[in-house]
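User: Please take a close look at the aromatic side chains and the charge that accompanies them. Please continue afterwards to a strand whose side-chain pattern can be followed residue by residue.

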Amino acid sequence: QVQLVESGGGLVQAGGSLRLSCAASGRTISYYAMGWFRQAPGKEREFVATINWSGGYTTYGDSVKGRFTISRDNRKNTVYLQMDSLKPEDTAVYYCATTGRTSGSQYYREYNYWGQGTQVTVSS
């Protein structure tokens, strides 16, 4: 119903920055909460950030708080993840998702639609 496509991943040195984008199509996400998750090889899927429908409320995982910023531009039907002070431990595939509701969650099973993911690799 909702298609999500992530972009902006790549290879970056430790301490650098990347900005991920998640473009939605098929439906407007203006009233949907959005989230970012990541998964490294051999590890569980990890909550990164979520943002409510208006962008007024955000929540971050402990490992990224203070370094990552989630934002949205509903007019462009796009959600962003600004990643600063990147560490090798941030290396993972990053996924954009939506609950399909106005409120978000830190639990991945509550998200109904997912993008294909974009690889982020941080070298030391």
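Analyst: The charged end of R45 sits over the ring of Y95, 5.6 Å from the ring centre (NZ of Lys or CZ of Arg within 6 Å of the centre and within 35 degrees of the ring normal). R45 also has its charged end over the ring of Y108, at 5.1 Å from the centre. The model is predicted, so local features need pLDDT of at least 70 and side-chain atom pairs count only at pLDDT 80 or more, whereas totals for chains, interfaces and linings use all residues. Residues are numbered from 1 along each chain as its sequence is written, and side-chain values use heavy atoms, without hydrogens and water.

Y95 also belongs to an aromatic cluster with F37, F47, Y111 and W114. Rings of Phe, Tyr and Trp (its six-membered ring) pair if their centres lie within 6.5 Å; planes under 30 degrees apart are stacked, over 60 edge-to-face, the rest tilted. Six aromatic pairs result from this rule. One of them joins F37 and F47 edge-to-face, 5.6 Å centre to centre with 65° between the planes. Because F37 lies in strand β4 (residues 34-39) and F47 in strand β5 (residues 46-51), this pair ties together parts 10 residues apart in sequence. Strands are DSSP runs (E, at least two residues), numbered from the N terminus. F37 and F47 are both buried (under 20% relative accessible area, 1.4 Å probe, protein chains only).

In strand β1 (residues 3-7), L4 and E6 point to one face and are buried, while Q3, V5 and S7 point to the other and are not. Strand β3 (residues 18-25) runs antiparallel to β1, joined by five bridges (pairing requires at least two DSSP bridges). There, S21 of β3 stands opposite S7.

Note on methods:
Helices (H or I, at least four residues) and strands (E, at least two) are DSSP runs, numbered from the N terminus. Buried means under 20% relative accessible area, exposed over 50%, partly exposed in between (1.4 Å probe, protein chains only).
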